[in-house]
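Subject: Structure handover

Hello,

Here is the structure we talked about. Please open it alongside this note, which goes through the findings element by element.

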Amino acid sequence: METQAVVIGGGITGAGILRDLAMRGIEAVLIEKGDLCNGTSARFHGLLHSGARYAVTDPASAVECIQENTILKRTAGHCIEETGGVFIQLADDDPGFVAQWLKACKQCGIATSEIDPTELLRAEPGLSPLIKRAFRVPDGAVDGFRLVEENVLAAKSYGAKALTYTEAVGIVTAGGRITGVKVRERSGQEKIINCQVVINAAGPWAGKVAALAGVKLDIIANKGTLLVFNHRLTNCIINRCQPPGDGDIFVPHHTVSIYGTTSKNVSGPEDDKATFKEVERLLTIGRQMLPAMEQARILRAFAGIRPLYHPGYTEYENQGREVTRNFFVIDHEDRDELKGLISIVGGKFTTYRLMAEKTVDLAAAKLGNSVPCRTALEPLPGYSGLNPDEPTERQEGQVVCECEQITESQLQVVIAGNRQINLNDLRRKTRLGMGTCQGTFCAYRALGIIAKMHRLPAEEVKNLLYEFIGERWKGMIPVLWGQTLQEAELMRHVYSNILCVEGLDESYEEI
């Protein structure tokens, strides 16, 4: 295979880059070792930042956030719920910070409007009655899974290709120049994709990808743990008006609420397990803002790895929140005398489009392409098959996932277009199993549809079920008490005792 540019990484940054490349007429192939949106882009709170969170501590990032917030609401509005956001000052919070924050928001171009705490409590009765001041900001909730998929679909409409379950295992060079990428497919077969430019958009794995080309790129792997509650605890996004810290954001997201986060540097991108200690800390902090969470049911805990970067890495190796959330486009020709390799590191989900634009500006210059970026002007096309909220004929038929109202016909559309799909892929593409029952009653139904459509052998069907249930239990382990424990026991009983799936009891006991 031959192309002009290879993008490594199928998260939101890689997907945005692929679309931008294709819109400029540059031949491009994206490779991702798993499914699309399988890493950090799938493991965040779903907040479309207004920038207000960073106005005081990281104004450059704040300005980028509000500008991109406005662009995305115009070009990808079908992936965004305009919940709005509120910053609240509690009785124990520093009133001096509020004045500093308001001034910084104004300087960054972030609109704020004060709201009477009594009025806010009428709209959000679960909040603490100890609110002193409250301010509205233009935050929103974004469907990360759908936005990644739609960027890739748009890129394909311009001729780009995306190869999932295809891992980069080597970067080929000759005479100080990139000539290709060696990839390994799911079957184990290896091949070379010849190219002129490689764009490293692998997030927390960016350092490992750079090493394939023989260059060093130090990435700070910073883990953020979050909790998922079984319903929407608030109508709008709630932020605590203080310097960014642990447990200061609540996001109503589809049928659930996501709350977080923590910040802890870890050994690498694979170290993404939430712990009971982190959950306990989040709950202690969260009750101060939202006492109603005490009575809410926790579905699961999960963690994502922030790919932070700072040129003075050694100085920052024990820090997380202090490292800028801005992004860096690294030209390895200038830094390492290796032509054709570009790395994009840092940044935020909200600023992915801008990150892609700046990265592709550099790649296009290297390829002699002068076509300007149009991603801020051209809306994403939309794809109703991935949105359970849109009333289309694909939603007709038997409901497979009651929690998220996913129908058999919807699943069939997605399964038909993905020959090697598994249940976790289906979850990312449709939200199957992400609601209250965590897959207890929909996983086996969906698996039956996959098996029938693709004529899978019994052993492969069992492996797909093990993989999915194992991922669900992974998130339940740190919150395994009360109703979550009851749900886990029910899931075990359904699959081990009613459906007689062998081996699940043993894996459950390991918890």
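The buried residues of helix α12 pack against five elements: α5 (144-157), β23 (406-407), α11 (408-416), α13 and α14. Bear in mind that this is a predicted model.

**Helix α12**

α12 covers residues 423-430, and 8 of its 8 residues are buried, so the rest of the structure largely encloses it. The buried set takes in charged side chains as well: Asp 425, Arg 427, Arg 428 and Lys 429 are in it. Leu 423, Asn 424, Leu 426 and Thr 430 are buried too. The N-terminal end is capped by Asn 422. A side-chain oxygen of Asn 422 sits 3.0 Å from the backbone nitrogen of Asn 424. Just past the helix, Arg 431 has a positive phi of about 75°.

**Helices α13 and α14**

Two of the partners of α12 also meet each other. How do α13 and α14 cross? The crossing is right-handed. Their axes come within 11 Å, at an angle of roughly 145°. Helix α13 is residues 443-454, and α14 is residues 458-476. From α13, the contact uses Ala 443, Leu 447 and Ala 451. From α14, it uses Val 461, Leu 464, Leu 465 and Phe 468. By class, that makes 7 nonpolar residues, with no polar and no charged ones. An α-helix has 3.6 residues a turn, so residues three or four places apart point the same way.

**Ser 257**

Ser 257 belongs to strand β17 (residues 256-260). Its relative accessible area is 3%, so it counts as buried. Which backbone atoms does the side chain of Ser 257 reach? A polar atom of that side chain lies 2.8 Å from the backbone oxygen of His 231. The side chain also reaches the backbone nitrogen of Leu 233, at 2.7 Å. Beyond its neighbours within four places in sequence, Ser 257 touches Leu 227, Val 228, Phe 229, His 231, Arg 232, Leu 233, Thr 234, Val 251 and Pro 252.

**Lys 264**

Lys 264 is in strand β18 (residues 264-265). Its relative accessible area is 48%, so it is classed as partly exposed. Leaving out neighbours within four places in sequence, its contacts are Ala 221, Asn 222, Lys 223 and Glu 278. Its C-alpha is 8.9 Å from that of Thr 225, which is 39 residues away along the chain.

**Leu 163**

Leu 163 is in strand β9 (residues 161-164). Setting aside neighbours within four places in sequence, Leu 163 contacts Met 1, Val 29, Leu 30, Ile 31, Glu 32 and Ile 193. The C-alpha atoms of Leu 163 and Arg 300 are 31 Å apart, with their positions 137 residues apart along the chain.

**Cysteines**

How many disulfides does the structure hold? The count is 0. Why is Cys 37 not in one? The closest cysteine sulfur, in Cys 79, is 11 Å from its own, which is too far for a bond; the cut-off is 2.5 Å. Cys 373 is in no disulfide either, as its nearest cysteine sulfur, again in Cys 79, is 17 Å away. Cys 37 is buried, at 3% relative accessibility. Cys 373 is buried as well, at 18%, where the limit is under 20%.

Best wishes

Conventions: Residues numbered from 1 in each chain as written. Predicted model: local features only at pLDDT ≥ 70, side-chain atom pairs only at ≥ 80, totals over all residues. Heavy atoms only, no water. Helix = DSSP H or I, 4+ residues; strand = E, 2+ residues; numbered from the N terminus. Contact = heavy atoms within 4.5 Å. Buried < 20%, exposed > 50% of the residue type's maximum accessible area, 1.4 Å probe, protein only. Polar contact = N/O pair within 3.5 Å; in protein donor to acceptor, adjacent residues only side chain to side chain. Axes fitted to C-alpha atoms, helices over the stretch in contact; angles between N-to-C directions. Left-handed = near helix turned anticlockwise from the far one by under 90°.
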